[in-house]
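How are two packed helices described, and how do two copies of a chain meet? The paragraphs after the structure take up these two topics in turn.

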Protein chains: 2
Amino acid sequence: MSVLVVGSVALDTVETPFGTVKDVLGGSATYFSLAASTFTKVSLVAVVGTDFPSRYVRLLESAGVDLTGLQVRDGETFRWSGRYDFDLNLAHTISTELNVFSSFHPVLPESYRDCELVFLGNIDPELQQEVLRQATGARLTIMDTMNFWIEGKREELTNTMSSVDVIMMNEAEAREYAGTYNLLQAARKILALGPRILVVKKGEYGCVMFSDSSYFVAPAYPLENVKDPTGAGDSFAGGFAGYLAYARDFSLPSMRKAIVYGSVIASFAVEDFSVGRLVSLSSEEITARYREFQEFTYFEHLAR
Amino acid sequence: MSVLVVGSVALDTVETPFGTVKDVLGGSATYFSLAASTFTKVSLVAVVGTDFPSRYVRLLESAGVDLTGLQVRDGETFRWSGRYDFDLNLAHTISTELNVFSSFHPVLPESYRDCELVFLGNIDPELQQEVLRQATGARLTIMDTMNFWIEGKREELTNTMSSVDVIMMNEAEAREYAGTYNLLQAARKILALGPRILVVKKGEYGCVMFSDSSYFVAPAYPLENVKDPTGAGDSFAGGFAGYLAYARDFSLPSMRKAIVYGSVIASFAVEDFSVGRLVSLSSEEITARYREFQEFTYFEHLAR
């Protein structure tokens, strides 16, 4: 099963205590695609300007990402610039230049429309709904969002949240959306909108997956050498969705495995700037780190 | 096997968004004792003033806490007053009155000296060493500390840290002591001092247990109704040490179970003000919550 992703493809300038990179490949759809492509075929919908380097097009293509849906428009590519201090959990945005992204409307090529698994990156919730209307073959829809839309387009966001199967949010976003500090209460409010699953991402503290009947708590992989946290959340989502598509199994046990695979892929993504680590990732490395997760979370269970 | 604890017995005044209590039973040795006593016999060393209510003495005694080592001195009992906002992770200290605690020197009654498991609450590291010199039968020594000693008595603290088997610290304290933001690097520095185990507590994000050869990551129990986080860390330590003493097994697998039991006991402790929930806790409730931990951390392992 292949995965369809709609989001941003960007040129990032990033400063961390470990170095600086300028105009490197970034964006939610990019990280998601390269992460998911470690498991399955990915179909991308996004927009870039005529300045978008052809070597980045080739990089995505050689990872098996279908770029039929990548629009190229007159103008400059979306640019994001940010800085991380030693607390790598927190990105300080220096500048955001939407450029060609400001007039973007996602169009699904005919060949994408029967995609069964659809991921909506953290774009305008009205655009997310445009995608849902076109993705007529979708069996599992997953969305991400961000504080910008919670504050600026709450009603439209709520509409999208009510229409998808899986919602991913950061911890602070879930609290902000639900208007309560307590995460269990926030989760209950959000699940009441209709989605089957809520995944709350907590950065270096891992994540929690809520469903009506249960929850699953997963730590993040403890890392010694984080170079650049940019794209960690989208890489997590890509590993999650990529595994589900590969397994063709949307049951709760399969979702739990997908959470661990997402954590594994995200843990690799932050070990290098931009997508450096994602493009060199082997399935042996992924399996080895999944086994490490097994080892460091294991404790003896009580006899029944 | 019984557990020996040295620490504070206090009268706490606590304000949270859910209520206020005044001069209620608190202190590190108190929370630890009541938590550990759910598993085994506890011998307590601490000091109180002549104002210490006799009903609190009876409360501790009826939980099976041996108070032979509780000194009663002329003057007032140690008092702590604090406030929590909606972010219940962070205590805001309003006042600390050491009172009789300021001249405290721990003295182990003869009957305590063959105690095999010793817990040093977060008191002055010089006092912690006085205890270690007297606890001649100790087979496993566990210590807690706090930022106050890291900043004010670093050398003495380092001496104690080099002399014990298990160190417990908050995440911020481990980072501060080691002078590095990265937790794996901090753990390596601290383990190099000599202890077998470092347990880093992360509040609502659970904890990590480091040893030379491995680590274990445990989430905290997700709670909907936290009333008062005071004593959570000491209750965790009490559950941890209590289980180890009960199991008479200090192996790493046993320590992992102890971490989960510690998390379970701490999750109960914060559900009510002061020690209200600890004193009413049944072993059936503890077992049931341990099983919940199993359930919400379980994911399918890869075949070998």
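What follows treats a helix pair within one chain and then the contact between the chains of this predicted model.

Two packed helices are described by the angle between their axes and the distance between the axes. In chain B, the axes of helix H9 (residues 252-269) and helix H11 (residues 283-297) come within 9 Å and cross at roughly 115°, and the crossing of H9(B) and H11(B) is right-handed. On the H9(B) side, Val260(B), Tyr261(B), Ser263(B), Val264(B) and Ser267(B) take part, and they meet Ile286(B), Arg289(B), Tyr290(B) and Phe293(B) of H11(B). Sorted by class, the residues in this contact of H9(B) with H11(B) are 6 nonpolar, 2 polar and 1 charged.

Both helices also return in the contact between the chains, to which chain B gives 30 residues and chain A gives 31 residues. On the side of chain B that touches chain A, at least two residues each are supplied by helix H7 (183-191), strand S13 (215-218), H9 and H11, with H11(B) providing the largest share, 6 residues. By class, this side of chain B divides into 17 nonpolar, 7 polar and 6 charged residues.

As for how the copies are arranged, a turn of 180° with a shift of 0.0 Å along the axis lays chain B on chain A with an RMSD of 0.0 Å; the two copies are thus related as by a two-fold rotation axis. Among the residues of chain B, Tyr205(B) comes closest to the rotation axis, with its C-alpha at 3.1 Å. Because 100% of the interface residues of chain B are also interface residues in chain A, the copies meet through the same surface.

How values were computed. Residues numbered from 1 in each chain as written. Chains lettered and ligands numbered in written order. Predicted model: local features only at pLDDT ≥ 70, side-chain atom pairs only at ≥ 80, totals over all residues. Axes fitted to C-alpha atoms, helices over the stretch in contact; angles between N-to-C directions. Helix = DSSP H or I, 4+ residues; strand = E, 2+ residues; numbered from the N terminus. Left-handed = near helix turned anticlockwise from the far one by under 90°. Contact = placed C-beta atoms within 7 Å. Nonpolar A, V, L, I, M, F, W, Y, C, P; charged D, E, K, R; others polar. Least-squares fit on C-alpha atoms with pLDDT ≥ 70 in both.
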